Amino acid sequence: MNVVLATDNNFVQHCCVTITSILCNNADVDIYIITEGLSQNNEQLLRAQVESLNGRFHLAFVDKAVIAKLPMPRSAAQHISPATYYRLFVTELLPESVDKLIYLDCDIVVRGGLGDYWNIDISNRPLAAAYQQNSWATNTYKGRKSSYERLDMDGAVGYFNAGSLLINLKYWRENNVQDKLLSFLASHYDCIISHDQDILNGCFYKEVLPISNIWNFRYPMPPDYYGTQFIDKHYIRELTEQAVIVHYVNRPKPWEYACKHIFTKEYYKYLDKTPFAGWRPKFNWHCVYDYQVRPILVDIKHFFDRVFKTGYYDPKNY
């Protein structure tokens, strides 16, 4: 099994947690780390962690000059780094012997075996991914363009999250996918908001194989928050119980003070099996305001939007 992650020096702790959760639950795994460069200490730390858990460690370097030219909206600067684009270059970064891979973001923990995910048949597909049920993709809040419109996704039936992908690298090589991705970026440069996720959706929305959200479990937002139909509560309960790949897609992340994600403890369970064992976030007033007080204010605003029909989501549009 080939698992690919991308990181820089700033995200090594979280990358180490993801790696540990993978290898504690799976055997015979090759871990590929894509990076623009790591300090010697961080490279040694990750290598030692992989090998101590019986994984095989590989390092691949991406060209900094290329990544520097890719769009990075200011709104994403706090928790999104240029490393998010690394997965676009897997065809040239990984050896020819790798024809299939699981790509995972580093804000993820794996709670169980990945065998069923790995064995999904994508022989005639570029990738498999999970659709986001609650997504800005269909949001037209206050006249905002949906991702479908913004990215020219005519006839799209969903927008997938790119934090967990099963990629058919053989297909990518045979169909010059990297060139297609970069061509899409060039033609939609000013429309890109969600980085490489927009690019992958824009290129593959007709060809992606949709899969269960247990392979990319993202904690649902409150009803109507994103303007789409809320997921059935029974379905949420099933997903929560069966989730294998937990993706901490929203802030606060588990390593930020005030995080109340239902799987926060899973992060620390695996953190304490790494060289970062015992680390915990310190009290932070900004986190308390941003993640506890401000959401209440936003809920109040949405309430008045609903009452006075001011910029509120029209259910007829969905």
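R173 and E96 form a salt bridge, with the closest N and O atoms 3.7 Å apart. The pair ties together distant parts of the chain, 77 residues apart. R173 sits in helix 7 (residues 169-174). E96 sits in the loop between helix 4 (90-93) and strand 4 (101-104). The model is predicted. Its chain has 318 residues, of which 53% count as buried.

**Salt bridges**

- Side chains of opposite charge can pair when their charged atoms come close.
- The whole structure holds twelve salt bridges.
- On the E96 side of the R173 pair, the residue is exposed, because its relative accessible area is 65% and the cut-off for exposed is over 50%.
- Helix 7 also holds a bridge between K170 and E174, at 2.7 Å from N to O.
- K170 and E174 are four residues apart in helix 7, about one turn of the helix.
- K170 is partly exposed, at 45% relative accessibility.
- E174 is exposed, at 53%.
- E256 and R251 meet through their side chains at 2.3 Å, N to O, in another salt bridge.
- E256 counts as buried because its relative accessibility is 13%, and buried means under 20%.
- R251, its partner, is partly exposed at 28% relative accessible area.
- D28, D30 and R56 are joined in a network of salt bridges.

**Nonpolar cores**

- The largest nonpolar core contains 49 residues.
- I22, I31 and L114 have the most contacts inside this core.
- Helix 1 (residues 12-25) gives this core its largest share, seven residues.
- A second, separate core has 41 residues, including I34, F89, Y131 and I167.
- What does L114 touch, not counting residues up to four places away in sequence? Its contacts are M1, I22, N26, I102, W215, V244 and I245.

**Aromatic pairs**

- A pair of aromatic rings is described by the distance of the centres and the angle of the planes.
- A search of the whole structure finds eight aromatic pairs.
- Y257 and F283 form an edge-to-face pair, because their planes stand at 75° and the cut-off for that class is over 60 degrees. Their ring centres are 5.0 Å apart.
- This pair links distant parts of the chain, 26 residues apart. Y257 lies in the loop between strand 9 (245-247) and helix 11 (264-271). F283 lies in the loop between helix 11 and helix 12.
- Y257 is partly exposed at 30% relative accessibility, and F283 is partly exposed at 46%.
- Y267 and Y268 also pair edge-to-face, at 5.1 Å centre to centre with 85° between the planes.
- Are Y267 and Y268 buried or exposed? Both are buried.
- F11, W255, Y267 and Y268 are joined by ring pairs into a cluster.

**Helix 11**

- Helix 11 is largely enclosed by the rest of the structure, because six of its eight residues are buried.
- The buried residues are T264, E266, Y267, Y268, Y270 and L271.
- They pack against helix 1 and strand 5 (108-110).
- Helix 1 thus appears twice here: it packs with the buried residues of helix 11, and it supplies seven residues to the largest nonpolar core.

**Surface patch**

- Which residues form a nonpolar patch on the surface? They are Y289, V293, I296, L297, I300, F303, F304, V307 and F308.
- Together these residues have about 860 Å² of accessible area.
- Y289 lies in helix 12 (residues 285-308).
- Y289 counts as partly exposed, because its relative accessibility is 41% and partly exposed covers the range between buried, under 20%, and exposed, over 50%.

**Whole chain**

- The secondary structure comes to twelve helices and nine strands.
- Among contacts between residues at least 6 apart in sequence, 79% join residues at least 24 apart.
- The chain exposes about 15600 Å², and carbon and sulfur atoms supply 51% of that area.

Methods
Residues are numbered from 1 along each chain as its sequence is written. This is a predicted model: local features need pLDDT of at least 70, side-chain atom pairs count only at pLDDT 80 or more; totals for chains, interfaces and linings use all residues. Side-chain values use heavy atoms; hydrogens and water are left out. A nonpolar core is a set of buried Ala, Val, Leu, Ile, Met, Phe, Trp, Tyr and Cys residues joined through side-chain atoms within 4.5 Å. Buried means under 20% relative accessible area, exposed over 50%, partly exposed in between (1.4 Å probe, protein chains only). Helices (H or I, at least four residues) and strands (E, at least two) are DSSP runs, numbered from the N terminus. Contact means heavy atoms within 4.5 Å. A salt bridge is a side-chain nitrogen of Lys or Arg within 4 Å of a carboxyl oxygen of Asp or Glu. Patches are made of residues with over 30% relative accessible area and no salt bridge: like charges are joined within 9 Å, nonpolar side chains (Val, Leu, Ile, Met, Phe, Trp, Tyr) within 5 Å. Accessible areas come from the Shrake-Rupley method with a 1.4 Å probe; for residues, only the protein chains shown count as cover. Rings of Phe, Tyr and Trp (its six-membered ring) pair if their centres lie within 6.5 Å; planes under 30 degrees apart count as stacked, over 60 as edge-to-face and the rest as tilted.
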